[in-house]
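Here are my notes for someone opening this structure for the first time. Have it on screen while you read, and take the points in any order you like.

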Amino acid sequence: MVKKTINNLAILGGPPLFTRPRHVGQPNIGDRGKLIARINNILDASWLTNNGACVQQFEREIAELAGAKHCIATCNGTMALEVAIRVLGMQGEVLLPSFTFVATAHALQLQGIVPVFCDIEPDTCCIDPLQIEKMITPRTSGIIGVDLWGNVCNVDALADIARCYGLKLLFDSAHSFGCSWNGNMVGSFGDAAIFSFHATKFVNAFEGGAVVTNSDATAAKLRQMINFGFAGIDNVESVGTNAKMCEASAAMGLTSLESLDEFISINRRNYMRYKSNLADISGLQLVPCNEKEKHNYQYVPVRNKRALTGMPRDDLVKVLWKENVFVRRYFYPGCHRMEPYRSLYPGAGSVLPETQRLSDEIICFPTGQSVSLEDVDQICGVLRLLVENAETISEVLPREAQVDVTQHAVRAPLQLIVK
Ligand code: T4K
């Protein structure tokens with residue numbers, strides 16, 4: 001264990017805190033033996049995709065856990081969004097938060113639908129229902145609420161607005177599988193909801209996603225849409241695409257589900273440890289979870305209040321990356337400040353003050369199976385050191401050798417770009 005002082009910070013030439021990088025989104029791996037057995041069964045059955053036995057079982061389990069009548073598994077969360085938007089008949093303009101992963105906006109833009117970016121509530125960091133009504137126009141056809149980091153949108157308020165204006169309501173619940181709102185599981189709200197089971201999600205299927213809905217008609221359309229519009233052999237009834245989940249993904253998904261409770265309890269344990277460690281570090285505010293609800297605790301989002309910490313957010317990120325702590329700025333800079341949206345809708349930021357504030361403050365910290373309580377203590381120890389010595393550290397940080405935090409450090413540390 002490296003005892004950190006200002007003088008041996010890795011950014012100043014000291015050894016990194018960890019030799020093995022700690023990543024946000026490092027996959028949780030369930031029982032390998034069971035996964036391999038499932039893969040062997042798939043190979044023995046010679047049925048690798050197209051609604052195989054594992055996919056069917058995965059769909060049943062997800063529907064049950066989400067409290068939804070139907071689950072349609074997909075190859076990833078982005079395709080789940082695309083087909084759900086299409087099947088729900090969204091068109092013209094759709095309201096969504098800018099503070100989301102860019103896939104939410106792209107799934108609209110790709111289909112010629114204008115994403116209209118709405119601001120977020122300061123407490124939940126989800127789309128602000130009070131702002132939505134101001135932005136509805138005759139061209140608005142729907143709302144996409146994003147359950148950010150597992151914090152669920154104000155479902156009732158969104159449903160009221162959707163009902164009042166005749167809008168479709170879709171939830172991007174990529175982050176909130178296993179979470180609840182008012183005691184009801186995410187997946188049972190609105191016209192439909194989507195999940196992501198990407199490798200970085202606490203339940204993963206390598207790549208994977210799903211649409212859940214309580215509507216028989218929507219489910220039937222989705223089933224066709226994900227499989228080229230086929231209604232039976234040689235019988236195509238509608239335009240469709242290929243968004244099917246394959247058997248290997250479903251095998252991984254089923255294996256992950258078997259460890260669901262264990263993954264949540266590890267995430268919760270780590271979240272609570274960050275919470276107690278950060279409680280006395282001035283200016284680093286852990287975004288609260290509603291602990292009365294079910295939560296998956298798969299993200300550890302922290303706001304850096306620069307006036308209190310004395311450290312710019314990106315300086316904290318640079319120092320941590322050099323320590324092999326690959327925190328992420330989810331979601332900087334907000335979709336409206338990314339292309340093509342920045343050029344297409346240059347005025348969008350004028351109504352997004354909360355989004356801009358949060359995206360300039362946010363840091364998400366590593367958690368999950370690969371992060372121990374000792375890791376959390378050590379990461380927070382570095383944070384304490386940085387904040388308590390912010391002035392000195394800012395003076396000695398090598399400005400000419402900054403880590404470029406715009407580059408991914410996927411296979412870090414090799415790809416860490418130092419200018
Ligand atoms: N809606 C929302 C709100 C979403 O957050 C997402 C996806 C979607 C929709 C779309 O769902 P999918 O189509 O992806 O199923 C990552 C994920 O790729 C993405 O799924 C996720 N959200 C987003 C928040 O995070 P990037 O661009 O940040 O990925 P990348 O390659 O930088 O990796 C993230 C971190 O995970 C790194 O620190 C490295 C680590 N990692 C990653 C992989 C793949 C590992 O340690 N092992 C791995 O195998 O998007």
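1. Start with the loop between strand E15 (325-326) and helix H12 (341-344), which is where you'll find Phe331. (Helices, H or I with at least four residues, and strands, E with at least two, are DSSP runs numbered from the N terminus.) The peptide bond from Tyr330 to Phe331 is cis, with omega near 10°. Pro340 sits in the loop between E15 and H12 as well, and the bond from Glu339 to Pro340 is also cis, with omega near 5°.

2. Before going on, a word on what you're looking at. This is a predicted model, in which local features need pLDDT of at least 70 and side-chain atom pairs count only at pLDDT 80 or more, while totals for chains, interfaces and linings use all residues. Residues are numbered from 1 along each chain as its sequence is written, and side-chain values use heavy atoms, with hydrogens and water left out.

3. Another backbone spot to check is Asn51, in the loop between helix H1 (32-45) and helix H2 (53-66). Its phi is near 60°, a positive value in a residue other than glycine. For context, most residues other than glycine have a negative phi, and most peptide bonds are trans.

4. Now the overall layout: there's a domain 1 (32-258) and a domain 2 (260-327 + 366-416), with bounds that come from an automatic or database domain assignment. Their centres, taken over C-alpha atoms, are 29 Å apart.

5. How many residues of each domain are in contact? The count is 24 from domain 1 and 15 from domain 2, with contact meaning heavy atoms within 4.5 Å. About 1,500 Å² is buried between the two domains, and carbon and sulfur atoms give 53% of that. (Buried area is the accessible area, with a 1.4 Å probe, that two parts lose on being put together, summed over both.) In domain 1, Trp149, Ser180 and Phe202 lose the most area to domain 2, together 41% of what that side buries.

6. What holds across this interface in polar terms? The rule finds 13 residue pairs in polar contact, both residues at pLDDT 80 or more. (That's a pair of N or O atoms within 3.5 Å; within protein, one must be able to donate a hydrogen and the other to accept it, and residues adjacent in sequence count only if both atoms are side-chain atoms.) Strand E7 (180-181) and helix H8 (247-258) each supply at least two residues of the domain 1 side, and H8 gives the most, with 3 residues.

7. Salt bridges number 0 across that interface, though the structure holds 19. (The rule wants a side-chain nitrogen of Lys or Arg within 4 Å of a carboxyl oxygen of Asp or Glu.) One of them joins Arg163 to Asp160, the closest N and O atoms being 3.1 Å apart. The two residues are 3 apart in helix H6 (residues 155-165), so about one helical turn separates them.

8. Last, the ligand. Which of the 28 residues around the ligand come nearest? They are Thr78, Asp172, His175, Arg328 and Tyr330, where being near takes a heavy atom within 4 Å. A polar side-chain atom of Thr78 lies 2.6 Å from a ligand oxygen, and an N or O atom in the side chain of Ser196 is 2.8 Å from an oxygen atom of the ligand. For Lys201, a side-chain N or O atom is 3.0 Å from a ligand nitrogen.
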